[in-house]
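Please open the model in your viewer with the cartoon and side chains available, and follow the stops below in order. Each stop suggests a selection and then says what is found there.

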Amino acid sequence: MLSQGFEGYVYLVLLMITIVVATIVIPFYGYARKGLKGLGLGCALQPFVALLLCLLLVMGAYLRWERIIGRNRNATMVAVRTTTVEKGDTLVRTWRLKPDEECMCEMRSLETDSTDYDDVEFFDAVPTDSFTLSVDDHIIVRFDLDSRRATATDCNQPIDVVSVDWEKVEAYFNEKEER
């Protein structure tokens, strides 16, 4: 399941309330057109129209969030993985650094068999020196372009480098040198 954060859910609930309030117009329109028969028909149709519009809103929000996640996964320059134990649960975090100096962190429980992530957060990836990127002041990824090696640390402890797209890495650092 995708988590959109507290703000995303508040936004969705407010839009649903707006839809329900807006559908109050249906019985009034029915009454204006057909009198009491139209009012009765409008009162019968209103919950179904509101439910249908709310479902379309939720599906649209879900598909939009999936598209954002997919776009960020496809733009990944390097992905690193950390494993931590929090409150008796082992969490796997995959940090995906992109050439636009953004980082998407996907979290899931280790016991979960799927590749779906429970929560997604966005961070800034900050270049610290010529071939090093830092995320959230504790994830540091160093690149050696000559030997095509990437090393990553979390609080000076080595972590797994999941994947590296060397074409994107070289393009990023070449562009950065030209500036």
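## A tour in six stops

**A loop between two strands.** In this predicted model, begin by selecting aspartate 137, which sits in the loop that links strand S5 (132-135) to strand S6 (139-144). Its backbone deserves a look, since aspartate 137 has a positive phi of about 60° although it is not a glycine. Most residues other than glycine have a negative phi. With a relative accessibility of 75%, aspartate 137 counts as exposed, because the cut-off for that class is over 50%.

**The next loop.** Move along the chain to arginine 148, in the loop between S6 and strand S7 (149-154). Arginine 148 also departs from a negative phi, with a positive value of about 50°, and it is not a glycine. Is its side of the surface buried, exposed or partly exposed? Arginine 148 is partly exposed, at a relative accessible area of 43%.

**The whole chain.** Now zoom out and colour by secondary structure, which shows 4 helices and 8 strands in the protein. Read from the N terminus, the order of these elements is α-α-α-β-β-β-β-β-β-β-β-α. The radius of gyration is 24 Å, well over the 16 Å that the globule rule gives for 179 residues, so the protein is more spread out than a compact globule. Along the principal axes, the C-alpha atoms fill a box of roughly 80 × 45 × 25 Å. Of the 179 residues, 34% are buried, and the accessible surface comes to about 11,500 Å², with 59% of that surface belonging to carbon and sulfur atoms. Among contacts between residues at least 6 apart in sequence, 40% join residues at least 24 apart.

**A nonpolar patch on the surface.** Next, select Phe6, Val10, Val13, Leu14, Ile17, Val21, Ile24 and Phe28, and show them as a surface: together they form a nonpolar patch with about 790 Å² of accessible area. Which element gives the most to this patch? Helix H1 (residues 5-22) does, with 6 residues, and leucine 14, one of the patch members, is found in that helix.

**The largest nonpolar core.** Turn to the inside and select Val80, Trp95, Leu97, Val135, Val141 and Phe143, which touch the most other members among the 23 residues of the largest nonpolar core. The elements that give two or more residues to this core are strand S1 (78-86), strand S2 (89-97), strand S3 (102-109), strand S4 (119-129), S5, S6, S7 and helix H4 (166-178). H4 gives the most to this core, with 4 residues. Keep tryptophan 95 selected and display its surroundings: leaving aside neighbours within four places in sequence, its contacts include Val78, Val80, Thr82, Cys103, Met104, Phe123, Val135, His138 and Ile139. A second, separate core of 5 residues includes Trp65, Ile69, Met104 and Val120.

**A threonine in strand S2.** For the last stop, select threonine 90, whose place is in strand S2. Is threonine 90 buried or exposed? Threonine 90 is buried, because its relative accessible area of 18% falls under the 20% limit. Not counting residues up to four places away in sequence, threonine 90 touches Thr83, Thr84, Val85, Arg108, Ser109, Leu110 and Glu111.

Methods. Residues numbered from 1 in each chain as written. Predicted model: local features only at pLDDT ≥ 70, side-chain atom pairs only at ≥ 80, totals over all residues. Heavy atoms only, no water. Buried < 20%, exposed > 50% of the residue type's maximum accessible area, 1.4 Å probe, protein only. Patch = residues over 30% accessible without salt bridge, like charges linked within 9 Å, V, L, I, M, F, W, Y side chains within 5 Å. Areas by Shrake-Rupley, 256 points an atom, 1.4 Å probe, with all protein chains shown as cover. Salt bridge = Lys/Arg side-chain N within 4 Å of Asp/Glu carboxyl O. Core = buried A, V, L, I, M, F, W, Y, C linked by side-chain atoms within 4.5 Å. Contact = heavy atoms within 4.5 Å. Rg over C-alpha atoms; globule rule 2.2 N^0.38 Å.
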